[in-house]
Amino acid sequence: MPSLRALHQLLDESAARWATRVAVAQVDGKTITYGALAALSDAVRDRLRRMGVGPGNRVGIHLRKSIDAVAAIFGTLKAGAAYVPLDVEAPPSRNAYIVHDCGLRALFVERHWREALATAVEHYGQMPPALIVDVADATDDLRATLATEAAPSVETVVPATDALAFVLYTSGSTGQPKGVMLSHRAALSFIAWCTETFAPTPEDRFASHAPFHFDLSVLDVYLTIAHGARLLLIPETLGKEPMRLAQVIAAERLSVWYSVPSVLTLLAQYGKLERHDLGALRLVLFAGEVFPITPLRRLKALLPRPRYFNLYGPTETNVCTAYELPADVPPDRSDPFPIGRTCTHLRSMVVDEAGQPTSDTGELCIAGPAVMDGYWNLPEHTARAFCSDASGTRWYRTGDLVHVDADGNYVFRGRRDRMVKRRGYRVELGDIEAGLYRHPMVREAAAIAVPDATLGVRILAVLTCGAQPQPSIIELKRFCADVLPPYMIPDVFTFAAALPKTSNGKIDYQRLRRDAGC
Amino acid sequence: MTVSTDPAAIRDAVRVYVLETFLPGEDPAALTDSTALIGGRIVDSLGLLKLVTFLEERYGIEIAAHEADADHFDTIEEITALVRSKL
């Protein structure tokens, strides 16, 4: 693997070795072998190249999680372009912004989403040329799309390893998502670390729980493909149904699970795990948010056999520290487990507010090959996200506050800004407020995060409406669904005559948090 | 405590649970028997699990995953009918 320059070479190498093994499976029973996936992604490559797509371009993927979507991803990479996965659950207005912001050269889109997206994109300009797939997880729909126009077979492009491979959009504090740019080298260095740490084999069966626009999917897709293993795609809807999810994990004899802790909490609480044989599971990996100790203890009691790893890292670096949990959770432990030590492909340091290295609590900074190139089209944000040391090394500032415990592990202590994690997703509270301000009856809006013993946080929105009548909460929730992704919709709405202000006239969030009992 | 299984009582119990759990502060009149709970984003995926658990424990029934979706379980009216069919 060290000799590889590009992510799609992982697929072609595995296809050469394991052509007849199943690479990707859907829960409806549809599967594709390594040989067939390599061929289908070649056909995607040929079509994209014929459309003029190549190195330096970006291609949007607006398909539900499916074999077709995986083939579209690899085909895009083989054309030398970078892929930009869109959140199929996000409102069209948000995805339209991404289509425009990222300057997509082409777009894969399911037929039933096309019109709403195209209408929303009109606000900014023109829709990019679209490859329309009827229903991405049905049989042979992508093949049917490709068959509509013949394209000559061309060579796979193997770009420089620092070429852009994908752009993942995350919540931005200004009310628009921002695109994190990641290179082939960034993902390959991470996959090499995963290989060393988790020792996958072709017999492994990985779950793909996270959506493709979420950085957890990088491990799922590329670690599986690198090792000739089998990837089971968990559809977006099934991922939220713990009882059916537990049945699928058992029936498919999954051996590696990777998700946000809140999904594991729901599995332990509602999945009726005791009814199923999950004996094939050897690794349970979680990342994206703090795993509260009570549900974690419950999960480990129900599933004692696997090894458990707490993986930590922002999208900008992917996983950068890791901690293997002890076999037993000590009965007196009430704090979450540490985030662990720095992964071997990266370096870390902790800095104080002045940017100087400190041994106290400070901001975690990361350097190394897996760090992002920057934010798409946002040079000022990019400049603020990095600092340099005397040697000129570029360090990504995570914004996460940590300290080192007696065992040498990093312990997460909080954020230095207003970003929170909700069900593993990054949520800038300012992004929610920007959405609320779009409501015609809202005069002022403040969003705060309130701790929740089971799921980490709940979002509370405090609104003022001035002399206007206050909208119904039912109507507000519907409105939010039109402008925000589901994980950003506040749990609770309250109304106030006025928001508390600090002496310089800004919203007093500390006071709001105190009023909410934090 | 005996739980009434009269349709009106089930409807009221579901209404009170939805208002208190998912719509604190809402005018009760804004929530009707035909308000779309899942489709209207009032109840999210986690909320649905809580609602199902509440009903299973209160009425001693079991609700399968495929029964609790937006097609069959979206309004107070549909939820009441499903609970009634299992008693």
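A residue counts as buried if 20 or more other C-beta atoms lie within 10 Å of its own, as exposed if 12 or fewer do, and as partly exposed in between. Keep that in mind as you click around, and remember that this is a predicted model.

**Stop 1: a loop in chain A**

Start by selecting A:K272, in the loop between α10 and β12 (283–286) of chain A. Is it buried or exposed, or something in between? A:K272 has 14 other C-beta atoms within 10 Å, so it is partly exposed. Now check its backbone: phi is near 50°, a positive value in a residue other than glycine. That is worth a second look, because most residues other than glycine have a negative phi.

**Stop 2: a loop in chain B**

Hop over to chain B and pick B:R41, which sits in the loop between α1 (7–22) and α2 (45–59) of that chain. Here too phi is positive, about 60°, although B:R41 is not a glycine. As for its surroundings, B:R41 has 21 C-beta neighbours inside 10 Å, so it counts as buried.

**Stop 3: where the chains meet**

Show both chains together. How many residues of chain A are in contact with chain B? There are 19, and they meet 17 residues of chain B. To find the chain A side, colour α9 (242–251), α10 (261–270), α14 (473–483) and β26 (492–495), each of which supplies at least two residues to it. Which of them gives the most? That is α14(A), with five residues. Colour the chain A side by residue type and you get 12 nonpolar residues, two polar and five charged.

Now zoom in on A:I473, which belongs to helix α14 of chain A. With 24 other C-beta atoms within 10 Å, A:I473 is buried. Leaving out residues up to four places away in sequence, A:I473 touches A:F493 in its own chain, plus B:L23, B:G25 and B:E26 across in chain B. For a sense of scale, draw a line from A:I473 to A:G103: they are 370 residues apart in sequence and 37 Å apart in space, C-alpha to C-alpha.

**Stop 4: a three-stranded sheet**

Stay with β26 of chain A and bring up its sheet. Three strands form an open sheet in the order β24-β25-β26, with mixed pairing. At the edges stand β24 (444–452) and β26 of chain A; each has a single partner strand, so one side of each is left without a neighbour in the sheet. Turn the view and look for the twist, which averages 25° from one strand to the next.

Next, highlight strand β25 (residues 456–464) of chain A beside β26(A): they run parallel and are joined by four bridges. To see one pair of facing residues, pick A:V462, which stands opposite A:T494 in β26(A).

**Stop 5: strand, helix, strand**

Select β9(A), helix α8 (residues 216–226) of chain A and β10(A), which together make a right-handed β-α-β unit. The two strands, β9(A) and β10 (residues 230–233), run parallel and share four bridges. One of the places to look is A:S208, whose bridge partner in β10(A) is A:L233.

Show the side chains of β9 (residues 205–208) next. Which ones point the same way? A:R205 and A:A207 point one way, A:F206 and A:S208 the other, and all are buried. In a regular strand the side chains alternate between the two faces of the sheet.

**Stop 6: two helices to compare with the ruler**

Pick helix α7 (residues 184–198) of chain A. At 1.5 Å a residue its 15 residues should span 21 Å, and its end C-alpha atoms are 21 Å apart, which agrees. This helix is mostly covered, with 11 of its 15 residues buried; among them are A:H184, A:L188, A:W193 and A:F198. Add β7 (164–170), β8 (178–183), α8 and β12 of chain A to the view to see what the buried residues of α7(A) pack against. Just past the helix comes A:A199, with a positive phi near 40°.

Finish with helix α2 (residues 34–50) of chain A. Its 17 residues reach 24 Å from first C-alpha to last, close to the 24 Å expected. Of those 17 residues, 12 are buried, so α2(A) is largely enclosed by the rest of the structure. The buried ones include A:Y34, A:D42, A:R45 and A:L48. Right after α2(A), click on A:G52, which takes a positive phi of about 95°.

Key: Residues are numbered from 1 along each chain as its sequence is written. Chains are lettered from A and ligands numbered from 1 in the order in which they are written. This is a predicted model: local features need pLDDT of at least 70, side-chain atom pairs count only at pLDDT 80 or more; totals for chains, interfaces and linings use all residues. Two residues are in contact if their C-beta atoms, placed from the backbone, lie within 7 Å. Ala, Val, Leu, Ile, Met, Phe, Trp, Tyr, Cys and Pro count as nonpolar, Asp, Glu, Lys and Arg as charged, and the others, Gly among them, as polar. The expected span of a helix is 1.5 Å times one less than its number of residues. Two strands pair if DSSP finds at least two bridges between them. A crossover is right-handed if, with the strands pointing away from the viewer, the path from the first strand over the helix to the second runs clockwise. Axes are lines fitted to C-alpha atoms, for helices over the stretch in contact, and angles run from 0 to 180 degrees between N-to-C directions.
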